[in-house]
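User: I am new to this structure and should like to understand the terms used to describe it. Please take me through the reasoning behind each one.

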Amino acid sequence: IEGHTSFNQYQKAFLVDLNENRLDSVNIESGNFSFRKSDNVTEPYALMVRLQENHAPYDWIEMPVFIENGTVAIEIGEYIHISGTSLNDALQEFLDSLQHSKDATKAKKDITMEEIEATFSEFFKQQILTNKDNALGKYIYREYGSNMKVTDRKQVRAQIGN
């Protein structure tokens with residue numbers, strides 16, 4: 001993972017699993033940080049890259065990343081960009097689509113809470129089903145599945161199992 005941030009307040013970068021366990025850490029120097037995994041990844045999986053201040057351990061930001069063979073590039077600033085491997089490219093597409101959906105929802109006048117909930121439930125359902133055979137689908141289900149309507153969650157579970 002090759003990373004860069006334009007946020008100068010962060011001095012440390014961590015790799016954190018989805019259960020909040022810290023796996024690795026490096027100092028951020030001139031906005032740059034990197035993590036290396038030298039063995040072959042047979043089954044891609046999600047982790048979080050967390051940037052944190054040294055003197056304010058509760059001031060942090062994080063970004064999901066998929067660990068798979070190849071080099072991942074992450075830019076964390078006013079805009080976030082991740083690329084370099086197939087799952088991380090797909091993650092960027094998901095995040096862009098999510099932002100587009102949020103912007104479109106905000107732009108609608110007189111939209112009801114039920115319409116917002118239905119829109120995002122459908123969005124997450126489609127994203128999960130599109131990625132049901134890879135680690136991105138599992139990540140979206142884990143992190144966003146609670147935002148889905150019960151009927152959509154049941155449809156997804158019927159197609160992905162568990």
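Analyst: The following exchange sets out the fold, its sheets, its helices and some single residues, in that order. The model is a predicted one.

User: What does the secondary structure of the protein come to, and what pattern does the protein follow along the sequence?

Analyst: The protein has four helices and eight strands. Read along the sequence, the pattern is β-β-β-β-β-β-β-β-α-α-α-α. The C-alpha atoms fill a box of roughly 45 × 40 × 25 Å along the principal axes. Of the 162 residues, 40% count as buried. Among contacts with a separation of 6 or more, 51% come from residues 24 or more positions apart.

User: Why are strand 3 and strand 6 said to stand at the edges of their sheet?

Analyst: That sheet is open, has four strands in the order 3-2-5-6, and shows antiparallel pairing. Strand 3 (22-27) and strand 6 (60-67) each have a single partner strand, so one side of each is left without a neighbour in the sheet. Neighbouring strands here are turned by 25° against each other on average, direction ignored.

User: What makes strand 2 and strand 5 a pair?

Analyst: A pair requires at least two bridges. Strand 2 (residues 12-16) and strand 5 (residues 45-52) are joined by five bridges in the antiparallel sense, so the requirement is met. In one of these pairings, L15 has V49 of strand 5 as its bridge partner.

User: Which strands stand at the edges of the sheet with the order 4-1-7-8, and why?

Analyst: This is an open sheet of four strands with mixed pairing. Strand 4 (32-34) and strand 8 (80-83) are at its edges, because each has a single partner strand and therefore one side without a neighbour in the sheet. On average, neighbouring strands of this sheet are turned by 10° against each other, direction ignored.

User: How do you know that strand 7 pairs with strand 8?

Analyst: Four bridges join strand 7 (residues 73-76) to strand 8, and the two run antiparallel. The threshold is at least two bridges, so they count as paired. Within this pairing, I76 stands opposite I80 of strand 8.

User: How do you know that the span of helix 2 agrees with its number of residues?

Analyst: Helix 2 (residues 113-130) has 18 residues, which at 1.5 Å a residue should span 26 Å. Its end C-alpha atoms are 26 Å apart, so the two values agree.

User: Which residues of helix 2 are buried, and what do they pack against?

Analyst: The buried residues are F120, S121, F123, F124, K125, Q127, I128 and L129. They pack against helix 1 (86-107), helix 3 (135-144) and helix 4 (150-160).

User: Why are helix 2 and helix 4 called roughly parallel?

Analyst: Their packing angle is about 5°, with the axes 10 Å apart. Angles under 35 degrees count as roughly parallel, and helix 2 and helix 4 are therefore given that description. On the side of helix 2, S121, E122, K125, I128 and L129 meet D152, Q155, V156, Q159 and I160 in helix 4.

User: Why is helix 1 called oblique to helix 3?

Analyst: Helix 1 and helix 3 pack at about 40°, and their axes are 10 Å apart. This angle makes helix 1 oblique to helix 3, because it is not under 35 degrees and does not fall within 65 to 115 or over 145. The crossing of the two helices is right-handed. L87, A90, L91, F94 and L98 of helix 1 make the contact with A135, L136, I140 and Y144 of helix 3. Helix 3 also lies across strand 5 and strand 6, running at about 145° to strand 6.

User: Why is N131 called buried?

Analyst: N131 has a relative accessible area of 8%. Buried means under 20%, so the term applies. N131 is found in the loop between helix 2 and helix 3. Leaving aside residues up to four places away in sequence, N131 touches L136, G137 and I140.

User: What makes K106 exposed?

Analyst: K106, in helix 1, has a relative accessible area of 70%. Exposed means over 50%, so K106 qualifies. Between K106 and L15 there are 33 Å in space, C-alpha to C-alpha, and the two are 91 residues apart in sequence.

Definitions and conventions
Residues numbered from 1 in each chain as written. Predicted model: local features only at pLDDT ≥ 70, side-chain atom pairs only at ≥ 80, totals over all residues. Heavy atoms only, no water. Axes fitted to C-alpha atoms, helices over the stretch in contact; angles between N-to-C directions. Expected span 1.5 Å × (residues − 1). Buried < 20%, exposed > 50% of the residue type's maximum accessible area, 1.4 Å probe, protein only. Contact = heavy atoms within 4.5 Å. Left-handed = near helix turned anticlockwise from the far one by under 90°.
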